[in-house]
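Thanks for making the time this morning. I would like to walk you through one model, going from its aromatic contacts to a helix and then to its charged pairs, and I will finish with how far the coordinates can be trusted.

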Amino acid sequence: GPRPYRSDDTHSSLAAEGTLLPALFVPRWAVRRLGAPARIRALSMMGSSSSPAVEPLEPLEQVAVRVRTALETAKQAHLLHPAPPPERAEKFFREVDALDFAALRATFDRSMSGVSARDDAQVTPFEGVTLVDDLVEAAALRASGLTLISQGKVAALLLAGGQGTRLGSTAPKGCYDIGLPSHKSLFQYHAEKVMAVRRLAAAHSGKRAQDVRLPLLVMTSEATRDATHGFFASNGFFGLDEAQVVFFEQDMLPCMSLEGDLMLSGPGQLAVAPNGNGGVYVSLHRLGILNDLKEQGVTSVFQFGVDNVLCHVADPLFIGFCDARCADCGVKTVGKRDAHEKVGVLALTDGRA
C-alpha cells in the first residue's frame, strides 16, 4: 500500500500523517485584528454580545411571569418542578428567559433526524481522495504552502475545550504530560510546532522568523478557559508572541433528553454542556474572529485537535495542496492499519460527507 507521508520537518498532520483529501480547510471567506490575547466567554442561544450595552435589569417578577408562560407554550414547564430555591431563582429565570426555544427545537429536530436516518442510510467510500505518493508536484506544493505562511495568510486553530478526565486529570487535556522523556505538555508540543513552521517559512522566504505571522487560535470551554490561559501565561506562552495567541470559548447549549425535554442539573440549575467541536465555526463567526482574520489577510485556517500529538501543524504541503485545488475544505488522514483497527473512517452517508 502507499507509504505514510513523512516530511523532513520536525512536525506531523491534521489527523496524523498520510492520505490527503480535498475536503477541512476553511475557505477564503473564512476569516479581527488579533491584538492582545482575548479571553472570551460565550453562550450560544443563551444571550450573546461581546460588548453588551449597560441597561437596568427588568424586575425579576416580570421576567418570571414571562418565563412561566414561555415554558408552558414550549411544553417545558417541568423545569419549574421543583421550584428554583430563592438563592438561585434570579439567575435561573434570567437564563431561561434568554433561551430561543424555537431555535433549540429546530436544532434538536435536525440532530434526531440524523440519528434515526443512520439505520437505513447508504454508506459509501469517500470520494476525491489523493494519496501523497501520487503527488508528483509535492515539492512545489510544499513551497507554495511555505510562501502562504510567510505572507501571513494562514492561521492555526487548536480545539482544546476538553478536560483530561479519561487520563485521570481534571486539568485541561492540553496540560497533560503524555509520558515522553521530555515531559512536555500537549500544549507545548503544539506551540513548538507553530514556531518551527514559522522558522521554515521564514527560511523559505528570506525573512526573519519573528516577521512571519502565524496566529494560534485556541478554543477553550467554560471548564478549561481560565486554566488554559493560566497555563500558557505561566509558561511564557511557550515562546509564542502573546499577541498572536487568541483564546475564545466554546459555546454552551442546554442539555435535552431524547424526547426533547430540557434538563436540570439541580433545582433551579439549567443543565448545559459544550456544543461540540462543530460549534467552533459558529463561535468564530459570532465573536468576530473570522472578520478579524480576514482584515489581516488570512485566507486559510488549519484546524487540529489538542490530543493529536502527531499533528503536523500548519503542514505546508497540505496547505499548498488545498490552495492549488481551490478547496473550500480539506482533511488529511491515514488509512486504517487493518479492517479491525478501532479508529474512525471517512465515508459518505447518502452521498454526503
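Let me begin with the rings, where the count comes to 10 aromatic pairs, bearing in mind throughout that what you see is a predicted model. One of these pairs is formed by Phe-187 and Phe-231, whose ring centres are 6.1 Å apart and whose planes stand at 45 degrees, so the pair is classed as tilted. As for what this pair connects, Phe-187 belongs to helix 5 whereas Phe-231 belongs to helix 6, residues 225-234, so the contact ties together parts that are 44 residues apart in sequence. The two partners can also be described by their accessibility: Phe-187 is buried, with a relative accessible area of 0%, while Phe-231, at 21%, counts as partly exposed. Phe-231 has a further ring partner in Phe-238, and this pair is again tilted, with 5.8 Å from centre to centre and 50 degrees between the planes. Phe-238 itself counts as buried, because its relative accessibility is 9% and the cut-off for buried is under 20%. If you step back from the individual pairs, ring pairs link Phe-187, Phe-231, Phe-232, Phe-237, Phe-238 and Phe-247 into a cluster.

That brings me to helix 6 itself. Which residues of helix 6 are buried? They include Arg-225, Thr-228, His-229 and Phe-232, and since these four cover an arc of only 95 degrees around the axis, they lie on the same side of helix 6. It may help to recall that an α-helix has 3.6 residues a turn, so residues three or four places apart point the same way.

Within this group I would single out Thr-228, which sits in helix 6 and is buried at 0% relative accessibility. Setting aside residues up to four places away in sequence, Thr-228 touches Pro-172, Phe-187, Val-218, Thr-220 and Phe-247, and of these, Phe-187 and Phe-247 are also members of the ring cluster I described a moment ago. On the other side of the start of the helix, in the loop between strand 5 and helix 6, we find Thr-224, which is likewise buried at 0% relative accessibility. Beyond its neighbours within four places in sequence, Thr-224 is in contact with Ala-160, Gly-161, Gly-162, Gln-163 and Pro-172. Just after helix 6, Gly-236 takes a positive phi of about 60 degrees.

Now to the charged residues. Side chains of opposite charge can pair when their charged atoms come close, and this structure holds 15 salt bridges. One of them joins Asp-211 to Arg-208, with the closest N and O atoms 2.9 Å apart, and the two side chains are also joined by a polar contact of 2.9 Å. Arg-208 is located in the loop between helix 5 (186-205) and strand 5 (216-220), and its C-alpha atom is separated by 9.8 Å from that of Ser-150, a residue 58 places away along the chain. Its partner Asp-211 counts as partly exposed, at 42% relative accessibility.

Another arginine, Arg-337, takes part in two of the bridges I want to show, one with Asp-338 at 3.8 Å from N to O, and one with Glu-341 at 3.6 Å. Are these three residues buried or exposed? Arg-337 is exposed, with a relative accessible area of 66%, Asp-338 is partly exposed at 35%, and Glu-341 counts as buried at 19%. Elsewhere, Glu-58, Arg-66 and Asp-97 are linked in a network of salt bridges.

Finally, a word on confidence. The protein averages a pLDDT of 82, and 81% of the residues score at least 70. For residues 1-52, however, pLDDT stays under 50, although the model has 199 contacts beyond four places in sequence for that stretch. Where pLDDT is low, the predicted coordinates should not be read in detail, and I would ask you to keep that caution in mind when you look at residues 1-52.

Conventions. Residues numbered from 1 in each chain as written. Predicted model: local features only at pLDDT ≥ 70, side-chain atom pairs only at ≥ 80, totals over all residues. Heavy atoms only, no water. Helix = DSSP H or I, 4+ residues; strand = E, 2+ residues; numbered from the N terminus. Polar contact = N/O pair within 3.5 Å; in protein donor to acceptor, adjacent residues only side chain to side chain. Phe/Tyr/Trp six-rings, centres within 6.5 Å; stacked < 30°, edge-to-face > 60°. Buried < 20%, exposed > 50% of the residue type's maximum accessible area, 1.4 Å probe, protein only. Salt bridge = Lys/Arg side-chain N within 4 Å of Asp/Glu carboxyl O. Arc of directions from axis to C-beta. pLDDT = per-residue confidence, 0-100. Contact = heavy atoms within 4.5 Å.
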